[in-house]
Amino acid sequence: MRLRATLLCHRVAEYFRDKGNDVLLLMDSLTRYAMAQREIALALGEPPASRGYPPSVFSVLPQLLERAGNSEHPDGSLTAIYTVLAEGDDQQDPVVDSARAILDGHVVLSRQLAEQGHYPAIDINASISAVCLAAHRTAHSTIANQFRQLYSSYLQVKELLPLGGYQPGQDPELDRAVAMHPQLKGYLLQGANEAVNLTSSLTELAQLFQAQQVQ
């Protein structure tokens, strides 16, 4: 039933896409679909391969995921968002790894950030989009990459700060990352009832760096 329900929801989404609609499909979760296929395959005598998953699991995943996107019809689109459960936050889990290789991007939720009260608990350094350059303007991509670089630089010295192992003045880029970290972190936080549209988000991002340059 888990396998059939997954296939059915994709077929319904494809029907509306082929009618010329722009469809958003939300599926929770891809991991349970893979586990259902594993149960059936093991019951049929298929030997386990990668972490207990039979090879058939990794053959049905591409068949399912590649149904999302556009079809031969000029109008209509199908955008699918899948949740994938990583056991123990292991990003090398075979289902996670397979989905990452097939899909156009992934948003990684961090348990550590959630425990720190950082919401939404998105690990921006581990989250990647293969289509962001096509969806974003050049100015947006440039400043977003700058943000990621500074955030990543801070994480490199984060654990050294309480120990006094980081000495300012040796690397201007690291100094800038440490100085801007409170503003960078504040930009990433958003309340559950707080709504921010794309225009406001881009404006705040640009102002963040403009304010730092003025200082």
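Tutor: Before we compare two helices we need a definition: an axis is a line fitted to C-alpha atoms, taken for a helix over the stretch in contact, and an angle between two axes runs from 0 to 180 degrees between N-to-C directions. Please keep in mind throughout that we are reading a predicted model.

Student: With that in hand, how is the packing of two helices read, and at what angle do α3 and α4 pack?

Tutor: Two numbers describe a packed pair, namely the angle between the axes and the distance between them. In this structure, helix α3 (residues 57-65) and helix α4 (residues 94-102) meet at an angle of about 40 degrees, and their axes are 10 Å apart. The crossing of α3 and α4 is right-handed. On the α3 side, the contact is built from Phe-58, Leu-61, Pro-62 and Leu-65, while α4 contributes Pro-94, Val-95, Ser-98, Ala-99 and Ile-102.

Student: How do those contact residues divide into nonpolar, polar and charged?

Tutor: The residues of this contact comprise 8 nonpolar and 1 polar, with no charged residue among them. As for their spacing, an α-helix has 3.6 residues a turn, so residues three or four places apart point the same way. You can compare that idea with the α4 list, which includes Pro-94, Ser-98 and Ile-102.

Student: Which residues of α4 are buried, and what covers them?

Tutor: Pro-94, Val-95, Val-96, Ser-98 and Ala-99 are the buried residues of α4, and the elements covering them include α3 as well as α2 (30-43). At the start of α4 there is also a polar contact, in which a side-chain oxygen of Asp-93 comes to within 3.0 Å of the backbone nitrogen of Val-95.

Student: How should I read burial for a polar side chain; is Thr-6, for instance, buried or exposed?

Tutor: The cut-off for buried is under 20% relative accessible area, so Thr-6, with a relative accessibility of 8%, counts as buried. Thr-6 belongs to helix α1 (residues 2-18), and a polar atom of the Thr-6 side chain lies 2.9 Å from the backbone oxygen of Arg-2. Beyond its neighbours within four places in sequence, Thr-6 is in contact with Met-27, Tyr-33 and Leu-64.

Student: Which residues does Gln-37 touch, once close sequence neighbours are set aside?

Tutor: Gln-37, which sits in helix α2, touches Leu-3, Ser-56, Val-57 and Val-60 when residues up to four places away in sequence are not counted. Gln-37 counts as buried because its relative accessibility is 14%.

Student: What does an intermediate case look like, and where is His-106 placed?

Tutor: His-106 lies in strand β3 (residues 105-106) and is partly exposed, since its relative accessible area is 22%. The side chain of His-106 reaches the backbone oxygen of Ala-126 at 3.2 Å, and the contacts of His-106 that leave aside neighbours within four places are with Arg-100, Ala-126, Ser-127 and Ile-128.

Student: Now the backbone: which residues are joined by cis peptide bonds?

Tutor: Omega is the angle to inspect here. One cis bond joins Asp-28 and Ser-29, with omega about 5 degrees, and Ser-29 falls in the loop between β1 (22-27) and α2. A cis bond also joins Tyr-119 and Pro-120, where omega is about -5 degrees; Pro-120 is in the loop between α5 (111-115) and β4 (128-129).

Student: And what is the phi of Arg-51?

Tutor: Arg-51 has a positive phi of about 50 degrees, although it is not a glycine. Arg-51 is in the loop between α2 and α3, and counts as exposed because its relative accessibility is 51%.

Student: Finally, how do I combine an annotation with the geometry, and which residues does UniProt list for the C-terminal domain?

Tutor: The annotation gives the range, and the model supplies its content. An unreviewed UniProt entry lists residues 139-207 as "domain: T3SS EscN ATPase C-terminal". Over residues 139-207 the chain is 67% helix and 0% strand, with the end C-alpha atoms 13 Å apart. Tyr-166 is placed in the loop between α7 (138-157) and α8 (172-188), and is buried, as its relative accessible area is 13%. Apart from neighbours within four places in sequence, Tyr-166 is in contact with Val-157, Leu-160, Leu-161, Asp-171, Leu-174, Asp-175 and Val-178. Ser-152, located in helix α7, has its C-alpha atom 9.7 Å from that of Leu-174, although 22 residues separate them along the chain.

Methods. Residues numbered from 1 in each chain as written. Predicted model: local features only at pLDDT ≥ 70, side-chain atom pairs only at ≥ 80, totals over all residues. Heavy atoms only, no water. Helix = DSSP H or I, 4+ residues; strand = E, 2+ residues; numbered from the N terminus. Left-handed = near helix turned anticlockwise from the far one by under 90°. Contact = heavy atoms within 4.5 Å. Nonpolar A, V, L, I, M, F, W, Y, C, P; charged D, E, K, R; others polar. Buried < 20%, exposed > 50% of the residue type's maximum accessible area, 1.4 Å probe, protein only. Polar contact = N/O pair within 3.5 Å; in protein donor to acceptor, adjacent residues only side chain to side chain. UniProt positions renumbered as here; feature names shortened; annotations may be inferred.
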